[in-house]
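Visitor: I'm new to this structure and would like a close look at one part of it. Could you pick a stretch of strands and walk me through it slowly, then show me what else is worth finding?

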Amino acid sequence: MATTHADPAPDLIPDASEAGSGKIVCNACPVLCNITAGRSGACDRYANVAGVLTRVDPLVLMRRPAGNPRLVRFSSDAGWNGNPVAPFQEVLLTKPESGGDAQELFVSGVGSGTTYPDYKPAPFIVSSKHHGVDMVTVVTEGIFSYCSFKLKIDTDRYLGPEQATIRVDGEAVGHVTTIEYGSQMLSIGGVHHLTGGSKKEGRVTCDVMMALGNKLAVELDIEGGAKIVVQAGRAPIINGVEEQRMRVGCGSATIGIFAQQWEGHVDEVVVVDDHITGVLSEHQAGKFLGMRDGGVKVIGRKSTPGRYFQVAHPGAGWGGTDITDPLKIIKAIDPKTAWPGERILFVSTTGEDWAYFILDDKLQPQPADMPAVIKKVVDRIGENCEPALCTVLFMGGAGGSLRAGVTENPIALTRSIKDALVQVTCGGAPAYVWPGGGIMVMTDVMKMPDQSFGWVPTPAIVAPVEFSMKLADYEQLGGHIDRVQSLETVLSTAQHKIIDWDVANPWPLVVADVVSDDPVKP
C-alpha cells in the first residue's frame, strides 16, 4: 500500500524562470524546455503546475518491517481525518515495543529531483536515527551521460563474435564483450553511443538503456550473430527460442563432476562443448578411476589429456557449437584400443542433448537405447544447471552534479566512500563502488524499485543515488548542513509514496562503526 501527499514543497523543486505566455523554463537539465501550464516537459519528469515547476513523480520512501511494531488500525473510533500519511506516520515514527529506533523509513533518490545545475545542494538531505546514532541520507536523481548497462546472458548458444556491434533499429547501442563461465557478457550504452554518434543513435541508445533499467524487454540484433530478447530477471530468447538452463560447467568440469557416477555403466563419455570438450577415459578423472582407454579420438586441438579445444565452430547446437550430430566430431576410432561392444555416451554441458552408441564388430558406432542408470546421470546434469537468466547491472560515474549536491568539497565525499564512512545505494539497492579514482558505482536493477530510471533528451539516463552516513561525518566532509531536514518534515511537505523495503537488500543506515543487532543485517 502506498501513501501520497498532494502538496510538493516549494523549496525542494528546481528553479524555473518565466518564458512568457504562461510558460516556464525548466532548468532541471540542459535542454531547458519551455513548458505550458498544465503540461510536462520532454522527459515527462517535470510539469508546469499553476506556474510552478513540479516534479511529476512522487518521492519514493521505503518502509522496512520492524520487530513487533505497535499496530495502528487504518480506521479508529475517532474516524479517519482524510490524511493518508497520518496512519503510517504513527506506525513508522513510533518506537517499536521490541526496542530499536523509531525510524524505519529510508528516503530513496527515486522521484527526488535533480541537482542540475551543479551548484545546487541535493534535493533531499534527510536526518534520522539508527540505534541512537544521528544519521543523514543525501538523495538525488543523477543525470548520467557516462553510464552503461552490463548484461550477463546465461547461455551456451553463440550470440556473436567478441567485439561485435549490437544494434537496435539499425543503430549501434553497444557491443559483445567476453564469454564467462556459462554466460555471454554484453555492454549496452556508454557516452560514445549517447553523444558520439548521430542524434538518432543517441536517442535509440537512451531508449534502450531506460527500458533495460526499468526491467522491460528489449530485442538486440548482434552483427554476425543472433537476435536476442533480453529482460532483467527473465530467460533470454535467442533467435525466437527461450533459453532454459545454463551449463553445469565446461566439458572437462562435467567429466570431473560425474565421472564416478558413470564408472562401470559406460566405457566412454564425450561431453561436447564449444570451449573445452571432455573425453572421459583420457581425462585425469578417468585415469584416477582406472578406466580403459576407449580409443575415441575427437577433432580439435588437444590441450591436456582428455581436454580438447576447437572441436567445432560456435553455434546454437550442442554445447554452444554448430554440431547437431555428435559423431561429426570423431576424427578416428583407434582399433588398437577400442573394442566391439564399447558403450559410448555423447552429452552436452546442459544435458539437453545426448546420444548413446555401442561399437559394432567393425568398430562403427551404432545407436542404442540408453540404460536407465546412464539416463539418470544425464538428467542429473540438467538438474545441476541453474535456470538461464538475463542479469542487468547499471554502471555509472557520479560526477559534478552528484558530488556538489552533497558537499562543497567533492574529494571529501570520494575519500569518505573509499574509507567506508559513506554507504552508497541506488534506489535503496546496494551499489558496488569500483576501486581506483572517482565514484564509479554498479547496481543490479532487479534490486531497485520498478521504474527507477528516467531520461533527459540531452540524451542521458536519470538514476537515483543515495549517500548515507553519520551526521558527524557529514559535517566533517563539509556537507550542506543548513539544508538538512527531518524525516517528519519530508513526510508532511513533500509529494511522496511509501513502498515496502526489499528485505533481501541490506539496510543502508548501517555504516562505519555503527553496530547493529537488527534482524536484517548488511
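Guide: Here is a walk along one strand and its partners, followed by a few other stops in the chain.

Keep in mind that this is a predicted model. To get your bearings, the chain has ten helices and 35 strands, and 51% of its 522 residues are buried. Among contacts with a separation of 6 or more, 67% are between residues 24 or more positions apart.

Our main stop is strand β24, residues 343-348. Is it enclosed or open? Five of its six residues are buried, so β24 is largely enclosed by the rest of the structure. Now look at its partners. Strand β18, residues 268-272, pairs with β24 in the parallel sense, over five bridges. To find the spot by eye, go to Val-269, which stands opposite Leu-345 of β24. Next comes strand β25, residues 354-359, which pairs with β24 too, over five bridges, but in the antiparallel sense. Here the pair to look for is Phe-346, with Ala-355 of β25 standing opposite. Between β24 and β25 the hairpin has five residues, and within this hairpin Gly-351 takes a positive phi near 75°.

If you like hairpins, move back along the chain to strand β15, residues 227-230. One face of β15 is covered, with Ile-228 and Val-230, while Lys-227 and Val-229 make up the uncovered face. Strand β14, residues 218-222, pairs with β15 in the antiparallel sense over four bridges, and Val-218 has Val-230 as its bridge partner. Four residues lie between the strands of this hairpin, where Gly-224 has a positive phi near 70°. β15 also pairs with strand β16, residues 237-238, in the antiparallel sense, this time over two bridges. There, the bridge partner of Val-229 is Ile-237. The hairpin of β15 and β16 has six residues between its strands, and Gly-233 in this hairpin takes a positive phi near 80°.

For a small sheet, try the open one made of three strands, ordered β7-β6-β35, with mixed pairing. Its edge strands, β7 (105-107) and β35 (496-500), each pair on one side only. From one strand to the next, the twist averages 30°. Strand β6, residues 59-63, pairs with β35 in the parallel sense over five bridges, and you can spot Met-62 opposite Ile-499 of β35.

β35 also leads us to the largest pocket, because we meet this strand again in the lining: β35 and β32 (454-456) each supply at least two residues there. The largest pocket holds about 330 Å³ of space. Of its 22 lining residues, the closest to the centre are Arg-55, Asp-57, Gln-451, Ser-452 and Phe-453.

Last, a helix: α8, residues 410-418, where Ala-412, Leu-413, Thr-414, Ser-416 and Ile-417 are buried. These buried residues pack against α7 (400-406), β28 (423-426), β30 (432-433) and β33 (460-470). Just after α8, look for Ala-420, which takes a positive phi of about 65°.

Definitions and conventions: Residues are numbered from 1 along each chain as its sequence is written. This is a predicted model: local features need pLDDT of at least 70, side-chain atom pairs count only at pLDDT 80 or more; totals for chains, interfaces and linings use all residues. Side-chain values use heavy atoms; hydrogens and water are left out. Buried means under 20% relative accessible area, exposed over 50%, partly exposed in between (1.4 Å probe, protein chains only). Contact means heavy atoms within 4.5 Å. Two strands pair if DSSP finds at least two bridges between them. Axes are lines fitted to C-alpha atoms, for helices over the stretch in contact, and angles run from 0 to 180 degrees between N-to-C directions. On a 1 Å grid over the protein atoms alone, a cavity is a set of points where a 1.4 Å probe fits but cannot get out, and a pocket is an open set with protein on both sides within 12 Å along at least five of seven lines; lining residues have an atom within 4 Å of a point. Grid points are joined across faces, edges and corners, and a volume is the space filled by probe spheres set on the points.
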